[in-house]
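Student: I would like a close look at a single part of this model, followed outward to whatever surrounds it. Please keep to one connected account, and give the cut-offs behind each term as it comes up.

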Amino acid sequence: MAHPLTPEQSLQVIESMIAQAKKSFSRASFYFLLWGVLLMAAMVATYLLRHVSPAFDHGAPWGIAGFLGGIISAAHSIRQGRREVVTSPMDRIIGWTWSAFVITMLLVIVCSVALKRDPGPMITVLTGLPTFLTGQIMRFRPLILGGILFWVVGVVMQFTGDPLIITVLYCTAMLLGYIVPGLLLKNRENGIRSA
Amino acid sequence: MGFAPLDPILHNQLRLAIVSLLVSVDEADFNFLLEGTGATRGNLSVQITKLKEAGYITVKKSFKANYPNTACTLSAKGLKAFEDYVEAIKGYLSA
């Protein structure tokens, strides 16, 4: 360390340290897996409950999923924050993207309920935005494709009246847009952790 | 053509490594820098203090999960010095 550096050595130090810092990226797989499973379960529960009793208030499974997901996500985020040794601009941008999505989603739900409209298709379209952006920011193709899938499925849901088709489409979007990318992301994170 | 002088604060392997790591992140704690640079705790601590005294980084000491935590951030002065250093190095390499 005490020897004077040559310009080549200086450049090597800079390049290797920047590459080292790039290794640390947001551990986002947990959230995709959690929300993917919860929202898929809420959709299936809504379909089944409406099938059994057409008068059922179909907002309840979504409320339960949202409440559970919110609590678990917050607890995980606090625990993760305690362990995190570095904060990158990428983590910050992804965090704000999802915060903006949650705020917009809540406003869409309030407006839709007030207008007696089903918020599902619009929220599905909206879900495409943060998913697509997260994929682009992380340069992770499965999430980019997942985002595009949410856009397509949301539009199709808007024009489909059949509850079974809507349920199948939504669950497919959750599986391919959240759960599969979440599992692939988890593998990538584990690979980096052990590198 | 004369060569631009190299900043003596940055022209040290460990200090250059610390600043290079901080260029890519918003904030990094002591353990991240320790792992990234492969330095010893004592040496890293000394070089962090030198960078802090030069005004190249800011150091925030706090507690994280009941343990003392040192978080480092590159300052605007540090970023400018790093950019100037990289330009100077480019001059040497292209000569």
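Of the 11 residues of α1(B), how many are buried, and to what extent is α1(B) enclosed by the rest of the structure?

Tutor: This is a predicted model, in which local features need pLDDT of at least 70 and side-chain atom pairs count only at pLDDT 80 or more, whereas totals for chains, interfaces and linings use all residues. Residues are numbered from 1 along each chain as its sequence is written, and chains are lettered from A and ligands numbered from 1 in the order in which they are written.

Of the 11 residues of α1(B), 9 are buried, so the helix is largely enclosed by the rest of the structure. Here a residue is buried if 20 or more other C-beta atoms, placed from the backbone, lie within 10 Å of its own, exposed if 12 or fewer do, and partly exposed in between. The buried residues of α1(B) are L14(B), R15(B), L16(B), A17(B), I18(B), V19(B), S20(B), L21(B) and L22(B). For chain B as a whole, 35% of the 95 residues count as buried.

The helix belongs to a chain that reads α-β-α-α-β-β-α along the sequence, with 4 helices and 3 strands; helices (H or I, at least four residues) and strands (E, at least two) are DSSP runs, numbered from the N terminus. Helix α1, residues 13–23 of chain B, lies across β1 (27–29), β2 and β3 of chain B and runs at about 80 degrees to β3(B). Such angles, from 0 to 180 degrees, are taken between the N-to-C directions of axes, which are lines fitted to C-alpha atoms, for helices over the stretch in contact.

The strands that α1(B) crosses belong to an open sheet of 4 strands, in the order β1(A)-β1(B)-β3(B)-β2(B), with antiparallel pairing. In this sheet β1 (86–87) of chain A and β2 (57–64) of chain B stand at the edges, each with a single partner strand, so one side of each is left without a neighbour. Two strands pair if DSSP finds at least two bridges between them; β1(A) and β1(B) are joined by 2 bridges in the antiparallel sense, and V86(A) stands opposite A28(B). β2(B) and β3 (residues 67–74) of chain B run antiparallel over 8 bridges, where F63(B) has P68(B) as its bridge partner and S62(B) has N69(B). Their hairpin has 2 residues between the strands, and A65(B) takes a positive phi near 50 degrees there.

Residues of α1(B) also stand out in the largest nonpolar core, which has 29 residues and in which I18(B), V19(B), L21(B), L22(B) and A28(B) have the most contacts. A nonpolar core is a set of buried Ala, Val, Leu, Ile, Met, Phe, Trp, Tyr and Cys residues joined through C-beta atoms within 7 Å. Two or more residues of this core come from each of α1 (7–22) of chain A and, in chain B, α1, α2 (30–37), α3 (41–53), β3 and α4 (76–94). The greatest contribution, 7 residues, is that of α1(B). Another core, of 22 residues, lies apart from it and includes M43(A), V153(A), L169(A) and I179(A).

The contact of the two chains takes 19 residues from chain A and 24 residues from chain B, two residues being in contact if their C-beta atoms, placed from the backbone, lie within 7 Å. On the side of chain A that touches chain B, α1, β1 and α4 (89–114) of chain A each give two or more residues, and α1(A) has the largest share, 10 residues.

Finally, I9(B) lies in the segment before α1 of chain B. I9(B) is partly exposed, with 19 other C-beta atoms within 10 Å. Leaving aside neighbours within four places in sequence, I9(B) is in contact with R15(B), K50(B), L51(B), A54(B), Y56(B) and A81(B). Of these residues, A54(B) is 45 residues from I9(B) in sequence, yet 7.7 Å away in space, C-alpha to C-alpha.
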